[in-house]
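Student: I would like to learn how to read empty space and strand pairing in a protein model. Please take me through one case.

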Amino acid sequence: MYRIEKIGENQYYIKALGTFPPSVAKKFIKDFEEKLKDVSLFSVIVDGLDVILLNLKSFEIILEFLRKNNEKLIKSAYIISKNLILKKEVQILLDRAESPKRKIVKNLEAAKEWIGVKEIIIEKD
């Protein structure tokens, strides 16, 4: 599961949960591309504190999306803290996406600093 929030003019916050199977990865890409359709440049914080691991097929789907958006990306921060396997998976994903604009961080404060956000207000359903 996931949730995408717009937190600034061209800044987004993504909360990801669970194992992120391919069906969810495809829906996420579709939903995020819809949000980015009128955006020329963007930054994003991906909160992966509640992600367990990435399915290999999901990994490939997300990698393709990351590579496709290298030009539009200002910066992105991936919050991964205690899950060493996920941290390794995400590091491989970021290495293969081939962009120095992406970084793994330990907490929300470091993520906000990296992409240049002072405050995040998340809307409740």
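Tutor: We will go through the cavity, then the strands, then one residue; note that this is a predicted model.

Student: How is empty space found, and how many cavities of 30 Å³ or more are there here?

Tutor: Rolling a probe the size of a water molecule over the atoms shows where empty space is left. In this structure the count comes to 1 cavity of 30 Å³ or more. The volume of the largest cavity is about 330 Å³.

Student: Which residues are closest to the centre of the largest cavity?

Tutor: The lining of the largest cavity has 23 residues, and the closest to its centre are Phe28, Val46, Ile62, Tyr78 and Leu93. By kind, the lining divides into 19 nonpolar, 3 polar and 1 charged.

Student: Which elements give two or more residues to that lining?

Tutor: They are strand 2 (11–18), strand 3 (42–51) and strand 4 (73–79), together with helix 1 (22–36), helix 2 (56–68) and helix 3 (84–97). Strand 3 gives the most, with 5 residues.

Student: Now the strands. In which sense do strand 1 and strand 2 pair?

Tutor: Strand 1 (residues 2–8) pairs with strand 2 in the antiparallel sense, over 6 bridges. The two form a hairpin, with 2 residues between them. For a point to find on the screen, look at Ile4, which stands opposite Ile14 in strand 2.

Student: How many bridges join strand 2 to strand 3, and are the two parallel or antiparallel?

Tutor: Strand 2 and strand 3 run parallel and are joined by 7 bridges. One pair to look for is Tyr12 with its bridge partner Val44 in strand 3. Strand 2, helix 1 and strand 3 make a β-α-β unit, and this unit is right-handed.

Student: Is strand 2 mostly covered or mostly open?

Tutor: Strand 2 is mostly covered, with 6 of its 8 residues buried. When you look at a strand, keep a general pattern in mind. In a regular strand the side chains alternate between the two faces of the sheet.

Student: Let us finish with Val46. Why is Val46 classed as buried rather than exposed?

Tutor: Val46 lies in strand 3. Val46 is classed as buried because its relative accessible area is 16%, and the cut-off for buried is under 20%.

Student: Leaving aside neighbours within four places in sequence, which residues is Val46 in contact with?

Tutor: With those neighbours left aside, Val46 is in contact with Ile14, Ala77, Tyr78 and Ile79. Val46 and Tyr78 are 32 residues apart along the chain, yet their C-alpha atoms are separated by 4.7 Å.

Note on methods. Residues numbered from 1 in each chain as written. Predicted model: local features only at pLDDT ≥ 70, side-chain atom pairs only at ≥ 80, totals over all residues. Heavy atoms only, no water. 1 Å grid on protein atoms, 1.4 Å probe; cavity = no way out; pocket = protein on both sides within 12 Å on 5 of 7 lines; lining within 4 Å. Points joined across faces, edges and corners; volume = space filled by probe spheres on them. Helix = DSSP H or I, 4+ residues; strand = E, 2+ residues; numbered from the N terminus. Nonpolar A, V, L, I, M, F, W, Y, C, P; charged D, E, K, R; others polar. Buried < 20%, exposed > 50% of the residue type's maximum accessible area, 1.4 Å probe, protein only. Pairing = 2+ DSSP bridges. Right-handed = clockwise from strand over helix to strand, strands pointing away. Contact = heavy atoms within 4.5 Å.
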